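Thanks for coming, everyone. Let's look at one model together, starting with charged side chains and then moving on to a helix.

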Amino acid sequence: MNTPPYRIVTPRTVIRCYQPDDAEALQAAITASVEHLTPWMPWAHAEPEELEAKVQRLRGFRGRFDLDQDYVYAIFSPDESGLIGGTGLHPRVGPDALEIGYWILVDEAGKGYATEVSAALTRVAFEISGARRVEIRCDPANLPSAAVPRKLGFVHEATLRCRSTTETGAPRDVMMWSMFPDTFPGTPASSAELRAYDAAGRRVL
């Protein structure tokens, strides 16, 4: 697959590769939202995290992006003055496939950002990266998260039993939503408004 863009602009967001100097903004956003995130995001259980650990984490995100190993993005306001959340295109669901993940700052939840961002990343996955399958996975109890793929035209393919754990370590189910190149045209995701740029700042979509 082709490398996804480093920067994507949607009507209300800038989605871009993390830089180490985003660490302070990320730390503040997660600290403010940790109770909101912990029930759904396993990585939130390790929070709060020291600032220097965040810097090193973001260096890793950028390094893996550059090496085409994983693609983790920050979601910023249009002027990049405020962090809205995080997202990514993750090649962990099989060959030529990408999984979209997302989390939104507690104060920005319910405003449609996850849907807007996921629509843009779905277009990017198919039209730039050449994915043969795009997935979104979520906890069945996380109704706002499950609404995102439903709105965008993804199909609920399965609910996988006991594939993840709760914050206390108990097993829990995972919903798997999928979309393929032949079902992508005509979906709400296919008409997502965006501009996309590569690592050199050249527009690619």
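**Salt bridges, then helix H2**

There are 14 salt bridges here, counting a side-chain nitrogen of Lys or Arg within 4 Å of a carboxyl oxygen of Asp or Glu. Keep in mind that this is a predicted model.

Take Arg-16 and Glu-80. Their side chains form a salt bridge, with N to O at 2.7 Å. Now look at where the two residues sit. Arg-16 is in strand E2, residues 14-17, while Glu-80 is in the loop between strand E3 (71-76) and strand E4 (83-90). They are 64 residues apart, so this pair links distant parts of the chain. Are the partners buried or exposed? Arg-16 is buried, with a relative accessible area of 13%. Glu-80 is partly exposed, at 26%.

Next pair: Arg-123 and Glu-127. This salt bridge is 2.8 Å, N to O. Both residues lie in helix H3, residues 113-127. They are four residues apart, about one turn of the helix. Why does that spacing suit a pair? An α-helix has 3.6 residues a turn, so residues three or four places apart point the same way. Arg-123 counts as buried, because its relative accessibility is 15% and the cut-off is under 20%. Glu-127 is partly exposed, at 37%.

Third pair: Arg-137 and Glu-135. Here the N to O distance is 2.9 Å. This time Glu-135 is the buried partner, at 3% relative accessibility. Arg-137 is partly exposed, at 32%. Salt bridges can also share partners. That is how Arg-7, Arg-16, Asp-22 and Glu-80 join into one network.

On to helix H2, residues 51-66. How far should its 16 residues span? At 1.5 Å a residue, we expect 22 Å. The end C-alpha atoms are 23 Å apart, which agrees.

Which residues of H2 are buried? They are Lys-54, Val-55, Leu-58, Phe-61 and Phe-65. Look down the axis of H2. The buried residues fall within an arc of 120°, so they line one face of the helix. And what covers them? The cover includes strand E2, helix H1 (23-37) and strand E3. We met E2 earlier, as the strand that holds Arg-16.

One last stop. Just after H2 comes Asp-68, with a positive phi of about 60°.

To recap: Arg-16 and Glu-80 link distant parts of the chain, Arg-123 and Glu-127 share helix H3, and the buried residues of H2 line one face.

Technical notes: Residues numbered from 1 in each chain as written. Predicted model: local features only at pLDDT ≥ 70, side-chain atom pairs only at ≥ 80, totals over all residues. Heavy atoms only, no water. Helix = DSSP H or I, 4+ residues; strand = E, 2+ residues; numbered from the N terminus. Buried < 20%, exposed > 50% of the residue type's maximum accessible area, 1.4 Å probe, protein only. Expected span 1.5 Å × (residues − 1). Arc of directions from axis to C-beta. Contact = heavy atoms within 4.5 Å.
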